[in-house]
Amino acid sequence: MRLPRSLSGWTMAVFLWTVPFRLLTFTVFTLLVVTGAAPAPFIGVGLWEGAGAVATGAALWWERGRPDTAA
C-alpha cells in the first residue's frame, strides 16, 4: 500500500535523514571494536546499522523512481 505524496513526503525525508547517521553509527561501532575500545560482540551493532542504512537507502532510491499511484 502506497501513501499519497502529501503523507509520504515527510516520512521519506525522515528516512533519508537517517541514512547518513546510520552509516556514522556503523563507522563508530566498527572502529571501536577494531581498536579494542569495545568488546567484539558490538560489531553486530555496527553491522546491523550498516545493513539498515543500505536497505533504507535502496528502498528510498527504488521509491523515487516509481510513479505516484495514489488517488
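Here is a quick look at a few side-chain contacts in this structure, mostly around helix H1.

The model is predicted, so keep the filters in mind: local features need pLDDT of at least 70, side-chain atom pairs count only at pLDDT 80 or more, and totals for chains, interfaces and linings use all residues. Residues are numbered from 1 along each chain as its sequence is written, and side-chain values use heavy atoms, with hydrogens and water left out.

**Aromatic pairs**

The whole structure gives two aromatic pairs (ring centres of Phe, Tyr or the six-membered ring of Trp within 6.5 Å; planes under 30 degrees apart are stacked, over 60 edge-to-face, the rest tilted). Here they are:

| Pair | Centre to centre | Angle between planes | Type |
|---|---|---|---|
| Tryptophan 17 and phenylalanine 21 | 4.8 Å | 40° | tilted |
| Phenylalanine 29 and phenylalanine 42 | 6.2 Å | 5° | stacked |

Tryptophan 17 and phenylalanine 21 are about one helical turn apart, because they sit four residues apart in helix H1. Helices are DSSP runs of H or I with at least four residues, numbered from the N terminus, and H1 covers residues 5-34. The other pair ties together parts 13 residues apart in sequence, since phenylalanine 29 is in helix H1 and phenylalanine 42 is in the loop between H1 and H2.

How accessible are the rings? Relative accessible area (1.4 Å probe, protein chains only) calls a residue buried under 20%, exposed over 50% and partly exposed in between. Tryptophan 17 is exposed at 56%, while phenylalanine 21 is partly exposed at 43%. Phenylalanine 29 is partly exposed at 24%, and phenylalanine 42 is partly exposed at 36%.

**A nonpolar patch**

Trp17 and Phe21 turn up again with Leu24, Val28 and Leu32 in a nonpolar surface patch of about 490 Å². Patch members have over 30% relative accessible area and no salt bridge; nonpolar side chains are joined within 5 Å, like charges within 9 Å. The areas come from Shrake-Rupley with a 1.4 Å probe.

**Linking H1 and H2**

There is one salt bridge, meaning a side-chain nitrogen of Lys or Arg within 4 Å of a carboxyl oxygen of Asp or Glu. Arginine 22 and glutamate 49 make it, with the closest N and O atoms 2.9 Å apart. The partners are 27 residues apart, arginine 22 in helix H1 and glutamate 49 in helix H2 (residues 43-64). Glutamate 49 is buried at 18%. Also, the C-alpha atoms of phenylalanine 21 and alanine 53 are 8.3 Å apart.

Notes: Helix = DSSP H or I, 4+ residues; strand = E, 2+ residues; numbered from the N terminus.
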